Amino acid sequence: VISSAVPADSVQDNGTSDSSWITRLENNYGFYIGLGLAVFSSFLIGSSVILKKKGLLRLVEKGGTRAGDGGHGYLKDWLWWAGLLTMGGGEAANFAAYAFAPATIVTPLGALSVLISAILSSYLLGERLNLLGKLGCLLSLVGSTVMVIHAPEDEEVTTLEEMTSKLKEPGFLAYAAILLALCFLLIFFLAPRYGQSNILVYLAICSVIGAFSVSSVKGLGIAIKGFFADQPVLQHPLTWILVITLVASITTQINYLNKSLDIFNTSLVFPIYYVLFTTIVITTSIILFKEWVTMTVVDIIGTVCGFLTIILGVFLLHAFKDMDVSLWNLPQVLQNEQPAPVTRDDKNILIEVDNSSIAPEDKPKVFVLYA
């Protein structure tokens, strides 16, 4: 009986070995694969910006019509297409990273693409990276390292059935209802009235919608892994619900992000959008996937501190990029710093005393009347 059972077991093991190698690979190295894909994605996306910028600059050197003026000559430049394909590869790698690593670690690491773009632009495009920008890059790198060290490594959701049960939990349903109500309020009430004057309106829409897009990407990553493991994911209705949700959310995000970039300064749009988007994604991850349940208090504090460090680095990199500050002229900049002139934006002021110079007691004082 034993001798006859052994070949049967070996045949069964050989039959299932091909279908279980993905599971073994994910269990042993899933977190590190996701981490590597997230970093690789940031490198590709950051490099793609430089390649497309070089293509646009070559178009200007040849005397072609600029893209901002409606020209499309860059479509004939192979360097621009290389940047576009590189960005597509980066987005694909980022998509795959969500299938292996928690969203808590993948989303904040997107800031590395800004760091890589800033460093490459200083060498390849001749753009100056001042002292504060270098400090911001260093802080972003330190914050990312701290988040990687303290991030959760265990995945709580591995199949579409588990994803469905997570989506049906009352806590997430209430959270999703609040986000949808907030989206409708922003889109139909606040955006028509304050979208052109308040930078937070359009960016808040993009960030709130981002909770649904990242959740859809996470679920589709699980579906893709199940597809390669010979699971009937295409027959599962959740797969198509996630696809529709992803397309609708990404379309909405692109629309309002373009509106924001067209109206407001890019150096303000990106840091604010990064902070809002990443905060909402991490909150969604806590509520839906419960990736923080198994974390210790030290890991939670370390992850939060790492995220705040990245925010500070991104802020320094963008907010002061136009300042001419280096390690060599820093003492001179500090010594020659003059108080900024006060801009009179309030037109309701009628009378104001001009105290620019101390008037003697025997001379009449000057009053300035604003129309």
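**Surface patch, cores and helix packing in the predicted model**

Two helices, H8 (199–228) and H9 (237–263), each contribute at least two residues to a nonpolar patch. The model is a predicted one. The patch lies on the surface, covers about 680 Å² and is formed by Ile224, Phe227, Phe228, Leu234, Trp240, Val243 and Val247. Of these patch members, Ile224 is located in helix H8. The relative accessibility of Ile224 is 39%, and the residue is therefore classed as partly exposed, since that class lies between the limits of 20% for buried and 50% for exposed residues.

Twelve helices and two strands constitute the secondary structure of the protein chain. In sequence order the elements follow the pattern α-α-α-α-α-α-α-α-α-α-α-α-β-β. The chain has 371 residues, of which 40% are buried. Among contacts in the chain with a separation of 6 or more, 78% are between residues 24 or more positions apart. The exposed area of the chain is about 21600 Å², and 67% of this area is supplied by carbon and sulfur atoms.

The largest nonpolar core contains 63 residues, and the residues with the most contacts inside it are Ile105, Val106, Met163, Ile205 and Tyr274. Helix H8 is the greatest contributor to this core, giving 16 residues. H8 is thus represented both in this core and in the nonpolar surface patch. For Ile105, when residues up to four places away in sequence are not counted, the residues touched are Phe31, Met147, Val148 and Ala151. A second core, separate from the largest one, consists of seven residues and includes Val114, Ile116, Ala118 and Leu129.

Helix H2 comprises 23 residues, from 78 to 100; the span expected at 1.5 Å a residue is 33 Å, and the end C-alpha atoms are 33 Å apart, so the two values agree. Buried positions in H2 are Leu79, Trp80, Gly83, Thr86, Gly90, Ala93, Ala97, Tyr98, Ala99 and Phe100. An α-helix has 3.6 residues a turn, so residues three or four places apart point the same way.

Helix H11, covering residues 297–319, also has 23 residues. The distance from the first C-alpha of H11 to the last is 33 Å, close to the expected 33 Å at 1.5 Å a residue. The buried residues of H11 are Gly302, Thr303, Gly306, Phe307, Ile310, Ile311, Gly313, Val314, Leu316, Leu317 and His318.

Two of these buried H11 residues, Phe307 and Gly313, were considered together with residues of other helices. Leu132 belongs to helix H5 (residues 131–150). The C-alpha atoms of Leu132 and Gly313 are 9.0 Å apart, although 181 residues separate the pair in sequence. With neighbours within four places in sequence left aside, Leu132 is in contact with Leu316, Phe320 and Met323; of these contact partners, Leu316 is listed among the buried residues of H11. Leu132 has a relative accessible area of 22% and is therefore partly exposed, because the buried class requires a value under 20%.

Thr279 is situated in helix H10 (residues 266–288). Thr279 and Phe307 are 28 residues apart in sequence, with a C-alpha to C-alpha distance of 9.1 Å. Thr279 has a relative accessibility of 35% and so counts as partly exposed, whereas Phe307 is buried.

Note on methods. Residues are numbered from 1 along each chain as its sequence is written. This is a predicted model: local features need pLDDT of at least 70, side-chain atom pairs count only at pLDDT 80 or more; totals for chains, interfaces and linings use all residues. Side-chain values use heavy atoms; hydrogens and water are left out. Patches are made of residues with over 30% relative accessible area and no salt bridge: like charges are joined within 9 Å, nonpolar side chains (Val, Leu, Ile, Met, Phe, Trp, Tyr) within 5 Å. Accessible areas come from the Shrake-Rupley method with a 1.4 Å probe; for residues, only the protein chains shown count as cover. A salt bridge is a side-chain nitrogen of Lys or Arg within 4 Å of a carboxyl oxygen of Asp or Glu. Helices (H or I, at least four residues) and strands (E, at least two) are DSSP runs, numbered from the N terminus. Buried means under 20% relative accessible area, exposed over 50%, partly exposed in between (1.4 Å probe, protein chains only). Contact means heavy atoms within 4.5 Å. The expected span of a helix is 1.5 Å times one less than its number of residues. A nonpolar core is a set of buried Ala, Val, Leu, Ile, Met, Phe, Trp, Tyr and Cys residues joined through side-chain atoms within 4.5 Å.
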